[in-house]
Amino acid sequence: MSKIKVEMTINGDKIEGSVEPRTLLIHFLREDLNLTGPHIGCDTSHCGACTIDLNGKSIKSCTVFAVQANGAEITTIESIAGADGTLHALQESFREHHGLQCGFCTPGMITRAHRLLQDNPNPTDSEIRYGISGNLCRCTGYQNIVKAIRVAAEQLNPAQEAAE
Amino acid sequence: MNDQANPSSAERAAKLQGMGSSRKRVEDARFTQGKGNYVDDIKLPGMLFGDFARSSHAHARIVSINKEAALAVPGVIAILTAEDLKPLNLHYMPTLAGDVQAVLADEKVLFQNQEVAFVVAEDRYAAADAVELVEIEYEALPVVVDPFTAMDADAPVLREDIADKMEGAHGTRNHHNHIFYWQAGDKEGTDKAMAEAEVVVEELISYPRVHPSPLETCGCVASMDKVNGKLTIWGTFQAPHAVRTVASLITTIPEHNIRIISPDIGGGFGNKVGVYPGYICAAVASIVTGVPVKWVEDKIENLTSTAFARDYHMTGKIAATNEGKITGLACHVLADHGAFDACADPTQFPAGFFSICTGSYDIPVAHCGVDGVYTNKAPGGVAYRCSFRVTEAAYMLERMIDVLALKLGMDPAELRLKNFITKDQFPYTSALGWEYDSGDYHTAMEQAMKTVDYEKLRKEQAANRAAFTAGETRSLMGIGVAFFTEIVGAGPVKNCDILGLGMFDSCEIRIHPTGSAIARLGTISQGQGHATTFAQILATEIGLPAEDITVEEGDTDTAPYGLGTYGSRSTPVAGAATAMAGRKIRAKAQMIAAYLLEVHDDDVEWDVDRFQVKGNPEKFKTMKELAFAAYNQAIPGLEPGLEAVSYYDPPNMTYPYGAYICVVDVDVDTGVVDTRRFYALDDCGTRINPMIIEGQVHGGLTEALAIAMGQEIAYDEMGNVKGGSLMDYYIPTAVETPEWETDFTVTPSPHHPIGAKGVGESPNVGGVPAFSNAVNNAFAHFGLTHTQMPHDHWRVWKTAEKLGLTG
Ligand code: FES
Ligand code: FES
């Protein structure tokens, strides 16, 4: 099948590639670019394991073609930690509050939470629960994930907390 | 002699982060950064992809397979069918249950989505294209979907390959679709108890076919190194050593030339115990092509072909006095095993530990019998986050207790309290022959009732019922009580084996000269955090900080033989092996210490992280110092080095238990069930890491919610899978999942080196009946004895409708 050239900014780096028109973005990321943080958990766009950030929105990367992401700005779990390797508050908080077990949903979950907290820096528990309802987890029962996100939000926004 | 400031024992113990500490997990740094290494992340030079062409029929003869168009797809390397595997004698493989299973369908297909041809191509897109183009011509055959008709006289023969083999792996088969009959207990005595009873209740309790559905599906990468003849397979294996042995038996490659590696596993819950056709086909394809071959199933394939759980249809019967004292229990089970008997049970237990079905109650006489039958459904029968068939048994019993309570007009909690095995009866031998190690059921139940204010809840329910009758509300309150006893930690080699392999487990420890260590185990974590908890066990046993102990699992070339992780056996069995290996290290360290301190072996004593001279604690040697000495001093009568290995054959199973109470509100007009409250008290003996235990309980309860409220792998009358994707198969999101309240009591196991019993699966075992009892209880005052799971909106609404409650 003929290939199409694509260009995008991924985790701050300009990337060029050539893909079949039907190549899914998740496969382009995982197989062509070795960004194996986003996972594949289903084939019906339900699980959210493949969640990335595309132009400021949480996107299930199994549900878009790589060509649709041409010119896009993408963030994956690989660049949520600081460039010097320090973990992001969310990553620390997931660890601190046992928000993960097998870890398979975790990259998608943290990437989603990362976006959620940018859109809504001080979510209530029920806003967190709705906010991550596109991401399935089979291990944790969500309770510690919700807690991890809540605590991370408090740490990231101490001022707002105090103002309330 | 060490003269540094000497911190107290307690301070030193806290530093070790040993047992009882909520130590943070060492696995998490890599998982939170997307740096895990799961099987689909593995990429090897020249690697090819395999994919299956699958059966569209549930039962049909294969007339022909035409590969031509598929082979013409650019990038397609090979297509395997049963014809190609036959010369290698690989078209069938042994199952864990002593049956055989077709690797690729041989002349006929027996369930929808059965593996028919294996396409090998340069990438997954080419493979998928070719799968579409494999032309398979079928001649449809009559289908058996309902297990209750499988043994009808005129039922079609499903397994032609064994049609004349009436002696099965578990005794005589009395019909061509019969697999086994297995029983336990005293039939005559139980019949007598039933005949003489003041009260008898009987009910058909079905536990539908469900699927463990971990987030990561099954898969592998097989790589045959033609130069040295070594086959390496990375895969989602809950039992890597068992896979190696099976692979060796099937392929005749000597076992030392097979290396099985379980990388990070994205959840198992029983799904990844079995050996699946994909593994065999990938291995064969790699042997044939000489390059690595990856096979990873998608979610639909996962739900419809690799493993199912339950599908038990249980007719329970309880005899009791008018006062509610249980005098006998009988249960017959019709077990739907699908097309091949691939249950993951210890060999001598074709119905697993179903005979734990007398549960937590002192029942004088009991009998249970299980008939396994073939149907045109996927094979499996795995223990979905439970010990073998324990959750089925607990569900049947806990529902039956509620049915009995209803009949007697008694409160379900009171009836339970009345029949519990009492604390002083332990060790307790059940009517069906299990020896329960320890328990204090009354304390657990009373603590649960007090915490939720059970009495108040029942009062509130009475008010709700009155309001409903008065037309003031359309919502019914249900209270579900469940008390379960699990049997885990399989198990004693004398009666537990899989394919002849005793179900022991093992741990090997090496202490490095500078006082850090590596421990290798035959188990494999799928999210349970073994790297964290096993290091904690060792920290306590050998006095080195947990953070200085690496735990390595899942590589058969380096780990000692073990039977893997399922049935909550890791803590009871491998955890014990770890403690025992640690004790061997300590025993040698004691001799070194005595030598260095110039006293007799018996004159030193262990204190947290050191040996000290008895009565003179200022004279001591820390474990760290002893480690170094082991490598740099010639000690008379002792070999250098500090290593130990322990194979632990448990003397008995362990019996964790728990008391769960669930409160729901049922909207009779929509059938929506809202979980208002769920309280779970678990007693898993000694608690190694409370944080991880709590996490396990949350996860297990959420799976219980899924099973009770919505999961079912259903088939239509043609044998088509209804709902084999996440479109239909229910996995709760954060929105439907309630806040869980957890609690505990601690009753250590007397026969386990550290008293731990295992917890990962208890919440599934106890959670399902608690939910189901709550839904049933909401309607109980209208005379409903039992309504089948899953309690999804439609079914619940149907129940309300049948009772005449809908508008
Ligand atoms: S892989 Fe499941 S939503 Fe993308
Ligand atoms: S941690 Fe396993 S799926 Fe979420």
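**Sheets and helices in chains A and B**

Reader: Which strands does helix α3 of chain A lie across, and at about what angle does α3 run to β3(A)?

Author: Happy to start there, keeping in mind that this is a predicted model. Helix α3, residues 106–119 of chain A, lies across β3, β4 and β5 of that chain. Its angle to β3(A) is about 35°.

Reader: In what order do the 5 strands of that open sheet in chain A stand?

Author: Let's work in from the rims. The edge strands are β2 (13–19) and β4 (57–60) of chain A, each pairing on one side only. The pairing in the sheet is mixed, and neighbouring strands are turned by 40° against each other on average, direction ignored. Read across chain A, the order is β2-β1-β5-β3-β4.

Reader: Which residue is the bridge partner of L54(A) in β4(A)?

Author: Strands of a sheet pair through backbone hydrogen bonds, either parallel or antiparallel. Here β3 (residues 51–54) of chain A and β4(A) pair in the antiparallel sense over 4 bridges. Within β4(A), the partner of L54(A) is K57(A).

Reader: How do the axes of α3(A) and α5(A) cross: oblique or roughly parallel?

Author: The axes of α3(A) and helix α5 (residues 143–156) of chain A come within 11 Å and cross at roughly 40°. Angles under 35 degrees would count as roughly parallel. The crossing angle therefore makes α3(A), relative to α5(A), oblique.

Reader: How many nonpolar residues are there in the contact of α3(A) with α5(A)?

Author: From α3(A) come M109(A), A113(A) and L117(A), while α5(A) brings I145(A), I149(A), A152(A), A153(A) and L156(A). There are no polar and no charged residues in this contact. The nonpolar count is 8.

Reader: Turning to chain B, why is strand β25 largely enclosed by the rest of the structure?

Author: Good one! Buried here means under 20% relative accessible area. Strand β25 (residues 505–511) of chain B is largely enclosed because the number of its 7 residues that are buried is 6.

Reader: Which residue stands opposite D505(B) in β31(B)?

Author: β25(B) and strand β31 (residues 643–648) of chain B run antiparallel, joined by 6 bridges. Opposite D505(B) in β31(B) stands Y648(B).

Reader: Which residue in the turn between β25(B) and β26(B) has a positive phi?

Author: β25(B) also pairs with strand β26 (residues 517–521) of chain B, in the antiparallel sense over 5 bridges, and I511(B) stands opposite A517(B). The two strands form a hairpin with 5 residues between them. In that turn, the residue with a positive phi, about 90°, is G515(B).

Technical notes:
Residues are numbered from 1 along each chain as its sequence is written. Chains are lettered from A and ligands numbered from 1 in the order in which they are written. This is a predicted model: local features need pLDDT of at least 70, side-chain atom pairs count only at pLDDT 80 or more; totals for chains, interfaces and linings use all residues. Side-chain values use heavy atoms; hydrogens and water are left out. Two strands pair if DSSP finds at least two bridges between them. Axes are lines fitted to C-alpha atoms, for helices over the stretch in contact, and angles run from 0 to 180 degrees between N-to-C directions. Contact means heavy atoms within 4.5 Å. Buried means under 20% relative accessible area, exposed over 50%, partly exposed in between (1.4 Å probe, protein chains only). Angles under 35 degrees count as roughly parallel, over 145 as roughly antiparallel, 65 to 115 as roughly perpendicular and the rest as oblique. Ala, Val, Leu, Ile, Met, Phe, Trp, Tyr, Cys and Pro count as nonpolar, Asp, Glu, Lys and Arg as charged, and the others, Gly among them, as polar.
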